[in-house]
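Visitor: I would like a close look at a single part of this chain, taken slowly and with the values stated. Please begin with the stretch that comes ahead of the opening strand, and then follow its surroundings wherever they lead.

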Amino acid sequence: MLRDLGWEDLPAVRRADGERITPLRLRAELRPAPTVAISASADALPLLAVSAR
C-alpha cells in the first residue's frame, strides 16, 4: 500500500541495538493528498486544508 502512495523502501540497516530497520523515502513530486490513509477520531483537532498551488 505504501508503494502505491509513492513511498520507496531503502536498503535495510541495523541500529546500534542490533534491530534491523528499513528506511522509507517519499519522493518530492506532485501527487494527490493521502487523505485515504489518514484517519482521526471525532474528538481530534481539525486538520488543516491542503491545496495545490
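Guide: Leu5 lies in the segment before E1, and in this predicted model Leu5 has a relative accessible area of 29%, which makes it partly exposed. Along the sequence Leu5 and Leu26 are 21 residues apart, yet their C-alpha atoms are 8.6 Å apart in space. Leu26 belongs to strand E4, which covers residues 24-26, and Leu26 also contributes to a nonpolar surface patch of about 340 Å², together with Leu2, Trp7 and Leu24.

Trp7 leads from that patch into strand E1, which spans residues 7-9. With a relative accessible area of 30%, Trp7 is partly exposed.

The next residue to consider in strand E1 is Glu8, whose side chain meets that of Arg25 in a salt bridge, with 3.2 Å from N to O. This pair links distant parts of the chain, since Arg25 sits in strand E4 and Glu8 in strand E1, 17 residues apart. Glu8 counts as partly exposed because its relative accessible area is 24%, a value that falls between the 20% under which a residue is called buried and the 50% over which it is called exposed. Arg25 is likewise partly exposed, at 38% relative accessibility.

Asp9 is also placed in strand E1, and its relative accessibility of 41% makes it partly exposed. Leaving aside residues up to four places away in sequence, Asp9 touches Arg3, Thr22, Pro23 and Leu24. For one of these, Pro23, the separation from Asp9 is 14 residues in sequence and 6.0 Å in space, taken from C-alpha to C-alpha. Leu24, another of the residues that Asp9 touches, is at the same time a member of the nonpolar patch that includes Trp7.

The Glu8 and Arg25 pair is best read beside the other salt bridges, of which a search of the whole structure finds 3 in total. Arg15 takes part in a salt bridge with Asp17, where the N to O distance is 2.7 Å, and Arg15 forms a further one with Glu19, the closest N and O atoms being 3.0 Å apart. Arg15, Asp17 and Glu19 are thus linked in a network of salt bridges. Within this network Asp17 counts as exposed, at 53% relative accessibility, whereas Arg15 is partly exposed at 40% and Glu19 is partly exposed with a relative accessible area of 43%.

Turning from this part to the chain as a whole, there are 4 strands and 0 helices, and reading along the sequence gives the pattern β-β-β-β. The chain has 53 residues, of which 0% count as buried; a residue would have to fall under 20% relative accessible area to be placed in that class. About 5,300 Å² of the chain is exposed, and carbon and sulfur atoms supply 58% of that area. Among contacts between residues at least 6 apart in sequence, 11% join residues at least 24 apart.

To return to the part you asked about, Leu5 stands in the segment before E1, with its C-alpha 8.6 Å from that of Leu26, while Glu8 in strand E1 is paired with Arg25 in strand E4.

Methods:
Residues are numbered from 1 along each chain as its sequence is written. This is a predicted model: local features need pLDDT of at least 70, side-chain atom pairs count only at pLDDT 80 or more; totals for chains, interfaces and linings use all residues. Side-chain values use heavy atoms; hydrogens and water are left out. Patches are made of residues with over 30% relative accessible area and no salt bridge: like charges are joined within 9 Å, nonpolar side chains (Val, Leu, Ile, Met, Phe, Trp, Tyr) within 5 Å. Accessible areas come from the Shrake-Rupley method with a 1.4 Å probe; for residues, only the protein chains shown count as cover. A salt bridge is a side-chain nitrogen of Lys or Arg within 4 Å of a carboxyl oxygen of Asp or Glu. Helices (H or I, at least four residues) and strands (E, at least two) are DSSP runs, numbered from the N terminus. Buried means under 20% relative accessible area, exposed over 50%, partly exposed in between (1.4 Å probe, protein chains only). Contact means heavy atoms within 4.5 Å.
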